[in-house]
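Open the model in your viewer and keep the selection panel at hand. The tour goes stop by stop.

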Amino acid sequence: MQEQLERRIAVVTGAASGLGLAIAERLAKDGAHVIAVDRDPSIENVAERLRQSGGSAEAAIVDLSVEDEIFAFAQTVTKRHGRWDILVNNAGISPKIDGKRVTTETMPMAQWHDVIAVNLTAPLILCRQALPIMRARGFGRIINISSRAGRTLVGTAGTHYSATKAGLIGMSRAIAGEGAKDGITVNCIAPGRFSTPMTEQGSPEMLAALKAAIPVGRAGRPDELGAMVSYLASDAAGFVTGAVFDINGGSFMG
Ligand SMILES: NC(=O)c1ccc[n+]([C@@H]2O[C@H](COP(=O)([O-])OP(=O)(O)OC[C@H]3O[C@@H](n4cnc5c(N)ncnc54)[C@H](O)[C@@H]3O)[C@@H](O)[C@H]2O)c1
């Protein structure tokens, strides 16, 4: 167990699965106390597994599409720990219809609002809750998980998803500017294709073709993203803010 993150308090959303799970595992391994957040009750098992592996962790079942639940969660963190050192806004959704991507014309407006709520409004609210506490302590690390679809055209992503992932980049830059003098860094990571439940939907042929189109010839491994989050969360990354990190096997070189 490394102690690079020295029991820092780290909130990770969407930690029950995929990239969020890998981020939670890595931060716990690096010594942070991880508050693993998800609407899926299996998040309790995630926290238990992290503890069994020698990490420090607790679970919070929160539906991030419900603003009152986010506020209640934030109050609990502040009361229990008195600090938020690291906030990883990872939870995200990319709804389809019958397994197919929606277009601007076929997208139901209800889906647009759902995606905005989870992918954009929830990170905003969590940042607003964390910022005053980070500012008071002179330290904060906010890492927002955007997407290659927020950087360039990704044909398989819907308009709602692409809009929120680009919006997260703009939002992160604005907050980075506000927090820079107070020891708070705010960065985005824009993953390309990683193997997770979100991206393993579709025919085997289609998935194989998508992977083959990646210059390094494979999808990313979630632990590779965890390593990048760990660096951005560390003291060593204090001069890195307002940046977007493409981690995509060479599939977009912006
Ligand atoms: N996997 C990829 O290739 C990829 C690529 C680019 C960006 N991303 C982004 O990375 C993040 C994680 O993606 P993933 O592939 O691990 O997805 P995933 O679907 O495997 O996991 C997402 C997690 O978020 C949780 N979640 C969803 N809605 C929630 C809500 N309302 N409240 C609380 N929790 C909720 C889910 O329960 C799930 O555990 C997302 O923001 C996604 O957009 C993923």
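How are α3 and α4 oriented to each other: roughly parallel or roughly antiparallel? Keep in mind that this is a predicted model. Select residues 67–81 for helix α3 and residues 109–137 for helix α4. Their axes are 10 Å apart and meet at an angle of about 25°. Angles under 35 degrees count as roughly parallel, and α3 and α4 are therefore roughly parallel to each other. The crossing of α3 and α4 is right-handed. Now show the side chains at the contact. From α3, pick E67, I70, A74 and T78. From α4, add A122, I125, L126, Q129 and I133. By class, this contact of α3 with α4 has six nonpolar, two polar and one charged residues.

Next, the sheet. Colour the seven strands in the order β3-β2-β1-β4-β5-β6-β7. The sheet is open, and the pairing is parallel. Go to the edges: β3 (56–61) and β7 (244–247) each have a single partner strand, so one side of each lacks a neighbour in the sheet. Look along the sheet for the twist, which averages 15° from one strand to the next.

Zoom in on one pair of strands. Select residues 9–13 for β1 and residues 86–89 for β4. The two run parallel and are joined by three bridges. Label V12, whose bridge partner in β4 is V88.

Then add helix α5, residues 159–179. α5 lies across β5 (140–145), β6 (184–191) and β7. Against β6, the helix runs at about 160°.

Move on to another helix pair. Select α1 together with helix α7, residues 222–233. Here the axes are 8 Å apart, and the packing angle is about 50°. α1 and α7 are therefore oblique to each other. Their crossing is right-handed. On the α1 side of the contact, show G18, L19, A22, I23, E25, R26 and L27. On the α7 side, show P222, D223, L225, G226, A227, V229, S230 and A233. The residues of this contact of α1 with α7 divide into nine nonpolar, three polar and three charged.

Last stop: the ligand. Which helix gives the most to the shell around the ligand? Helix α1 (residues 18–29) does, with three residues. Now select the 28 residues around the ligand. Those that come nearest are G14, G18, G92, T196 and M198. Colour the shell by class: twelve residues are nonpolar, eleven polar and five charged. G18 deserves a label, as it belongs to the nearest group around the ligand and also to the α1 side of the contact with α7.

Conventions
Residues are numbered from 1 along each chain as its sequence is written. This is a predicted model: local features need pLDDT of at least 70, side-chain atom pairs count only at pLDDT 80 or more; totals for chains, interfaces and linings use all residues. A residue is near a molecule or strand if its C-beta atom, placed from the backbone, lies within 6 Å of it. Helices (H or I, at least four residues) and strands (E, at least two) are DSSP runs, numbered from the N terminus. Ala, Val, Leu, Ile, Met, Phe, Trp, Tyr, Cys and Pro count as nonpolar, Asp, Glu, Lys and Arg as charged, and the others, Gly among them, as polar. Axes are lines fitted to C-alpha atoms, for helices over the stretch in contact, and angles run from 0 to 180 degrees between N-to-C directions. Angles under 35 degrees count as roughly parallel, over 145 as roughly antiparallel, 65 to 115 as roughly perpendicular and the rest as oblique. A crossing is left-handed if the near helix is turned anticlockwise from the far one by less than a right angle, and right-handed if clockwise. Two residues are in contact if their C-beta atoms, placed from the backbone, lie within 7 Å. Two strands pair if DSSP finds at least two bridges between them.
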